[in-house]
Amino acid sequence: MTPVVAAKKRSKFDPKTFLSTIDGGRKIAPFPKKQAIFVQGDSPDAVFYIQKGKVKHTVVSKSGKEATIGILNEGDFFGEGCLTGQPLRLFSATAMTDCSVMRIDKKSMMEVLHREHAFSDMFVAYLLTRNIRYEEDLVDQLFNSSEKRLARVLLLLAHFGKDGKPEVAIPKISQETLAEMVGTTRSRISFFMNRFRKLGFVRYNGELEVHSSLLNIVLHD
């Protein structure tokens, strides 16, 4: 095979196809709501990709206190710590809704990252974007009020900014979970949620609908 033909074949690699088809080192599994995908302390041996649904990340302290540190959506990766030699999972990953998740074992993930530039470019861009989000989370936690932090969490859960349209956030997300993410008490979350509802920023209709007008809280000095 000539180098030109080989290059043409490599250029046809499609990351979306890779992440939607079962092959060596990859398998797709359904996870019903509340089922653990992995738990804190497990040995990390794979990267995961969410094809459908939402996944919650939680950590538990030595004293038994649990905190929600993030909620991931369709198109997100998680568990990539295994690629850097992480000895144990630092958090638990649990399906918040019925999910379809692709498991890519560490060896297969490393091979495709080295072999396919299209995939490695996409993966690095994803990690950089998420790192920026974590930096924004830290700044938000340090300098903003709990009301602003709650508004930002709700907008992020609703994917606001991706297409300019509000999206139904998470069905029946508990105020305890929101309190863990915001870093405040459940009673404060209840107070702010009632205020947001009265102002028309959110609506309850079996699910929580977040409106773009909630940005007024985030942008207000």
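In the predicted model, strand S5, helix H4 (117-143), helix H5 (146-157) and helix H6 each supply at least two residues of the lining of the largest pocket. The space in this pocket amounts to about 1100 Å³. Its lining consists of 45 residues, of which Gly70, Ile71, Arg133, Tyr134 and Asp137 are the closest to the centre of the pocket. Helix H4 provides the largest share of the lining, with 11 residues. By residue type, the lining of the largest pocket divides into 18 nonpolar, 12 polar and 15 charged residues.

The second largest pocket holds about 190 Å³ of space. It is lined by 11 residues, and the closest to its centre are Lys33, Lys34, Lys56, Met96 and Lys172. Four residues of this lining are nonpolar, three are polar and four are charged.

Strand S5 also takes part in an open sheet of four strands, arranged in the order S2-S7-S4-S5 with antiparallel pairing. The edges of this sheet are formed by strand S2 (36-38) and strand S5 (66-72); each has a single partner strand, so one side of each is left without a neighbour in the sheet. On average, and with direction ignored, neighbouring strands of the sheet are turned by 30 degrees against each other. Within the sheet, strand S4 (residues 55-60) and strand S7 (residues 92-95) run antiparallel and are joined by four bridges. In this pairing, Thr58 of the one strand stands opposite Ser92 in S7.

Strand S4 contains His57. The relative accessibility of His57 is 5%, and because buried means under 20%, His57 counts as buried. Neighbours within four places in sequence left aside, the residues in contact with His57 are Ala67, Thr68, Ile69, Gly70, Leu72, Phe78, Phe91, Ser92 and Ala93. Two of the residues already named recur in this list: Gly70, which is among the residues closest to the centre of the largest pocket, and Ser92, which lies opposite Thr58.

Helix H6 (residues 175-182) lies across S4 and S5 and runs at about 90 degrees to S5. Among the residues of H6, Thr177, Leu178, Ala179, Met181 and Val182 are buried. The cover over these buried residues includes strands S4 and S5 together with H4, H5 and helix H7 (186-198). Helix H6 therefore has a part both in the lining of the largest pocket and, with five buried residues named above, in contacts with the surrounding elements. After H6 comes Gly183, which has a positive phi, near 85 degrees.

Another group of strands is built around strand S8. Strand S1 (residues 26-31) and S8 run antiparallel and are joined by six bridges. Ile28 has Met102 as its bridge partner in S8. Strand S3 (residues 46-52) is likewise joined to S8 by six bridges, and these strands also run antiparallel. Here the bridge partner of Ala46 in S8 is Asp105. Five of the seven residues of strand S8 (residues 99-105) are buried, so this strand is largely enclosed by the rest of the structure.

Definitions and conventions. Residues numbered from 1 in each chain as written. Predicted model: local features only at pLDDT ≥ 70, side-chain atom pairs only at ≥ 80, totals over all residues. Heavy atoms only, no water. Buried < 20%, exposed > 50% of the residue type's maximum accessible area, 1.4 Å probe, protein only. Pairing = 2+ DSSP bridges. Axes fitted to C-alpha atoms, helices over the stretch in contact; angles between N-to-C directions. Contact = heavy atoms within 4.5 Å. 1 Å grid on protein atoms, 1.4 Å probe; cavity = no way out; pocket = protein on both sides within 12 Å on 5 of 7 lines; lining within 4 Å. Points joined across faces, edges and corners; volume = space filled by probe spheres on them. Nonpolar A, V, L, I, M, F, W, Y, C, P; charged D, E, K, R; others polar.
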